[in-house]
Amino acid sequence: MLLKSAFYSEIEYKKNNTYARVGFRANYFDKFQKFIFEPRINIRQKLNETYSLKLEGEFKNQTTAQKIDFEDNFLGIEKRRWILSDNDRTPIITSKQASFGISYTKNKLYADITGFYKVVNGISTANQGFYNNTQNFSSIGNYKTKGIEFLINKQTNTISTWLSYTLAENNYTFGVFNPKKFANSLDITHSLSTAFNYNFTKNLKASIGGILRSGRPYTKPVDGNETLQNGDKTIVNYDNPNTENLDNFFRIDVSGSYNFTFSEAIKATIRLGFTNITDRKNTIDSYYIVDESQESNVRRIDNYSLPFTPNLSFRVRF
C-alpha cells in the first residue's frame, strides 16, 4: 500500500484575447518521506480573428509501473503485471512536458502547428518490453521525445476532412546498455494520417481514413553469432538494442452508418465498417527465439496488426 497526501490550487485569468490557467499540485509520500511538486500552465493568446498562440506545460508523476515477465522466466509464457513504486528498484516515475504552437481559423478551416518536448525519468528496463541480452537486468533510466505536429481540418455542411503529420524523435538513456542512448521501442519518426467524412443525408453517413507511419525499432541478433551459452542454456545473442526498423505501417479503413426512427421513443443506428481494406500484412513487433532447426539457430517471431476485418453493429435506443 502506498498512501499520499496532496494539495492542489489553480488560478484562471480571462481578459480580452488572453486566457491563462496556472496551477500546481503538491504531493507528499509518507512512506518515502518525499515531496513532489507539480506546476502546470496553460496560456492562450488570440492575436486577431484568425491566428492564436498557445503555450502548455506540466509536471506529472506515476506511482505504478508495468512489470513484464518474459517467456524465459515465468512458466513459459509472457506475463504483465502492475506493481507499486518502492522508491528503489521501482522509483516514482516523473515527467516534464511542454508545447508551443500557433493555430489558424477562418471559414470553417482550422490549421495548427505545435512543437513539443517531453522527458520521463524513473523508468525501468523491466517495464519496457526489451528483447535483448539485458532484458532481465535491472536499470533505471529515462526517455526524451521531441517533435512537431501539424493538423489541418476543413468542415462544411456535408463534409469534414482532416490531415495530420507528426515528425518526432524518441530516445532512451540507460546506463546498462551499450550504447547508453538508443531509440525508444515506441519511436515513430514519421506519422501521416487522414480522414474524410461525408453526410449523404441527415441519417446516412460514410467515412474513409488512412494512416502511414514509420516502422517501430526492434533488435536483431548479432549476424553470424546469433546464439550464446548462458550456463547450460542457449539464448539469443542480441545486437545493440533497437538499431533496426520494421517496415512502414499502412492501413485504410472505411465505415458507414444509418439512423432509424421507429417512433419518438424508439431509435436505432446500424454501423458497418471495414478495417484494413487492402488486407496489408503490417508487422507491429518482432523478436527472436532459439530454434536449432534453423541454419542460424534462431527464428524470428513477428506480431501483426489486424488483417481485413469487417465490423457490424446495431444499437437500439429507447
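This report covers the nonpolar cores, the salt bridges and the surroundings of Thr166 in a predicted model.

The largest nonpolar core has 10 residues: Ala65, Ile93, Val120, Ile123, Phe130, Tyr143, Tyr172, Phe174, Phe177 and Phe182. A second core, separate from that one, holds 9 residues, among them Val236, Tyr238, Tyr287 and Val298. In soluble globular proteins, nonpolar side chains tend to be buried together.

Across the whole structure, 10 salt bridges are found. The table gives some of them.

| Salt bridge | Closest N to O distance |
|---|---|
| Lys54 and Asp112 | 3.0 Å |
| Lys60 and Glu58 | 3.6 Å |
| Asp302 and Arg300 | 2.8 Å |

Lys54 and Asp112 form a salt bridge that joins distant parts of the chain, with Lys54 in strand β4 (residues 51-62), Asp112 in strand β8 (residues 109-124), and the two positions 58 residues apart. Asp112 counts as buried because its relative accessibility, 9%, falls under the 20% limit. Lys60, which pairs with Glu58, is partly exposed at 42% relative accessible area. In the pair of Asp302 and Arg300, Asp302 is partly exposed at 25%, and Arg300 is also partly exposed, at 34%.

Thr166 lies in strand β10 (residues 159-173). With a relative accessibility of 17%, Thr166 is under the 20% limit and therefore counts as buried. Its side chain makes a polar contact of 3.4 Å with the side chain of Glu149. Leaving aside residues up to four places away in sequence, Thr166 touches Phe116, Ile148, Glu149, Thr189, His190 and Ser191.

Key
Residues numbered from 1 in each chain as written. Predicted model: local features only at pLDDT ≥ 70, side-chain atom pairs only at ≥ 80, totals over all residues. Heavy atoms only, no water. Helix = DSSP H or I, 4+ residues; strand = E, 2+ residues; numbered from the N terminus. Buried < 20%, exposed > 50% of the residue type's maximum accessible area, 1.4 Å probe, protein only. Polar contact = N/O pair within 3.5 Å; in protein donor to acceptor, adjacent residues only side chain to side chain. Contact = heavy atoms within 4.5 Å. Core = buried A, V, L, I, M, F, W, Y, C linked by side-chain atoms within 4.5 Å. Salt bridge = Lys/Arg side-chain N within 4 Å of Asp/Glu carboxyl O.
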